[in-house]
Amino acid sequence: SRDSGDYTQSDELLESVSGYQKKYGNEVMPSNFKINSEIVYNKANIFNRLYMWYLLAGFSMLMFLIFQIFYNNKIINVSINFIKYLIYLLFALNTIGLAARWYIAGHAPWSDAYESIIFVAWATVVFGIIFGKKSYFTLASSTFVSAIILSIAHMNWLDPSIANLQPVLD
């Protein structure tokens with residue numbers, strides 16, 4: 001119990017349930033690697049952390065680009081390039097997060113509202129990177145917009161948990 005700090009009975013019950021699942025539900029039980037992947041994914045909380053970094057990178061790049069219009073010097077140019085590569089790194093983390101969610105769930109990550117929103121945020125940065133080759137303003141603004149989209153994904157009314165695919169979508 002919580003008061004005594006003795007959890008032996010709880011541990012025995014959990015072990016019993018785990019044994020039952022392994023014995024009778026083996027073909028539907030996820031592998032240990034998938035279970036550990038989900039634990040790491042949940043602890044990383046990548047999308048909740050990513051929107052703050054996207055916001056910081058996008059806003060900073062916009063400010064440096066505006067300063068560059070008036071004061072074009074080497075420090076500003078180096079800062080813009082640094083932020084550009086930071087955005088690429090954040091995008092790689094975003095892609096890894098989506099791929100991990102896809103692997104853990106067993107289906108593409110656009111089957112519910114939360115997954116659709118994080119996918120749209122990812123796609124926004126993709127287009128920012130593609131079209132940002134002509135203008136860094138495009139990259140900066142798409143990163144900023146993606147931050148706003150990801151922040152919306154973490155409002156109370158959306159459930160970020162990984163769930164089974166709805167039968168109508170299967």
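Start with helix H3, which runs over residues 46-70 of this predicted model. How far should a helix of 25 residues reach, at 1.5 Å a residue? The expected span of H3 is 36 Å, and its end C-alpha atoms are 36 Å apart, so the two values agree. If you try the sum yourself, remember that the expected span is 1.5 Å times one less than the number of residues.

Now look at which parts of H3 are hidden. Its buried residues are Ile46, Phe47, Leu50, Tyr54, Ala57, Gly58, Met61, Leu62 and Leu65. What covers them? The cover includes helix H2 (32-44), helix H4 (74-105), helix H5 (113-131) and helix H6 (136-153). Keep Ala57 and Met61 in mind, as both will turn up again as contacts of Ile87.

Just before H3 sits a residue to pause on. Asn45 lies in the loop between H2 and H3. Asn45 isn't a glycine, yet it has a positive phi of about 50 degrees. Is Asn45 buried or exposed? Neither, quite: its relative accessible area is 33%, so Asn45 counts as partly exposed, given that this label covers values between 20% and 50%.

Next, step along to helix H4, where you'll find Ile87. Ile87 has 0% relative accessibility, so it counts as buried. Which residues touch it, once you leave aside the neighbours within four places in sequence? They are Ala57, Met61, Leu139 and Thr143. Two of those names should ring a bell: Ala57 and Met61 are among the buried residues of H3. The other two, Leu139 and Thr143, are on the list of buried residues of H6. You can also pick out Gly132 from here: it is 45 residues from Ile87 along the chain, with 11 Å between their C-alpha atoms.

That brings us to H6 itself. Try the ruler trick again: at 1.5 Å a residue, the 18 residues of H6 should span 26 Å, and the end C-alpha atoms are indeed 26 Å apart. The buried residues of H6 are Leu139, Ala140, Ser142, Thr143, Ser146, Ala147, Ile149, Leu150 and Ala153. Their cover includes H3, H4 and H5.

Two residues of H6 make a nice pair to look at. Ile149 is found in this helix, and so is Val145. Ile149 has a relative accessible area of 18% and is buried; the cut-off is 20%, so the label fits. Val145, with 38%, is partly exposed. Leaving aside its neighbours within four places in sequence, Ile149 is in contact with Ile117, Val120, Ala121 and Thr124. Distances along the chain and through space are separate things, as these two residues let you see. Ile149 and Ile130 are 19 residues apart in sequence and 19 Å apart in space, C-alpha to C-alpha. Val145 and Gly128 are 17 residues apart along the chain, and their C-alpha atoms are separated by 9.9 Å.

Keep following the chain into the segment after H6, and you come to Ile162. Ile162 is buried, with a relative accessible area of 19%. Which residues is Ile162 in contact with, leaving aside its neighbours within four places in sequence? The answer is Glu38, Tyr41, Arg101, Ile104 and Ala105. Pro109 is 53 residues away from Ile162 in sequence, while the C-alpha atoms of the two are 9.4 Å apart.

Time to zoom out. The protein chain has six helices and zero strands, so its radius of gyration tells you how that set of helices is laid out: at 21 Å, the value is well over the 15 Å that the globule rule gives for 170 residues, so the chain is more spread out than a compact globule. Its C-alpha atoms fill a box of roughly 70 × 45 × 30 Å along the principal axes. Buried residues make up 31% of the 170.

What about contacts across the whole chain? Among those with a separation of 6 or more, 69% are between residues 24 or more positions apart. On the outside, the chain exposes about 11,400 Å², and carbon and sulfur atoms supply 64% of that area. Finally, there are 11 positive and 11 negative charges, and their mean positions are 20 Å apart.

Conventions:
Residues are numbered from 1 along each chain as its sequence is written. This is a predicted model: local features need pLDDT of at least 70, side-chain atom pairs count only at pLDDT 80 or more; totals for chains, interfaces and linings use all residues. Side-chain values use heavy atoms; hydrogens and water are left out. Helices (H or I, at least four residues) and strands (E, at least two) are DSSP runs, numbered from the N terminus. The radius of gyration is taken over C-alpha atoms; the globule rule is 2.2 Å times the number of residues to the power 0.38. Buried means under 20% relative accessible area, exposed over 50%, partly exposed in between (1.4 Å probe, protein chains only). Contact means heavy atoms within 4.5 Å. Accessible areas come from the Shrake-Rupley method with a 1.4 Å probe; for residues, only the protein chains shown count as cover. Lys and Arg count as positive and Asp and Glu as negative; His and the chain ends are not counted. The place of a charge is taken as NZ of Lys, CZ of Arg, CG of Asp or CD of Glu.
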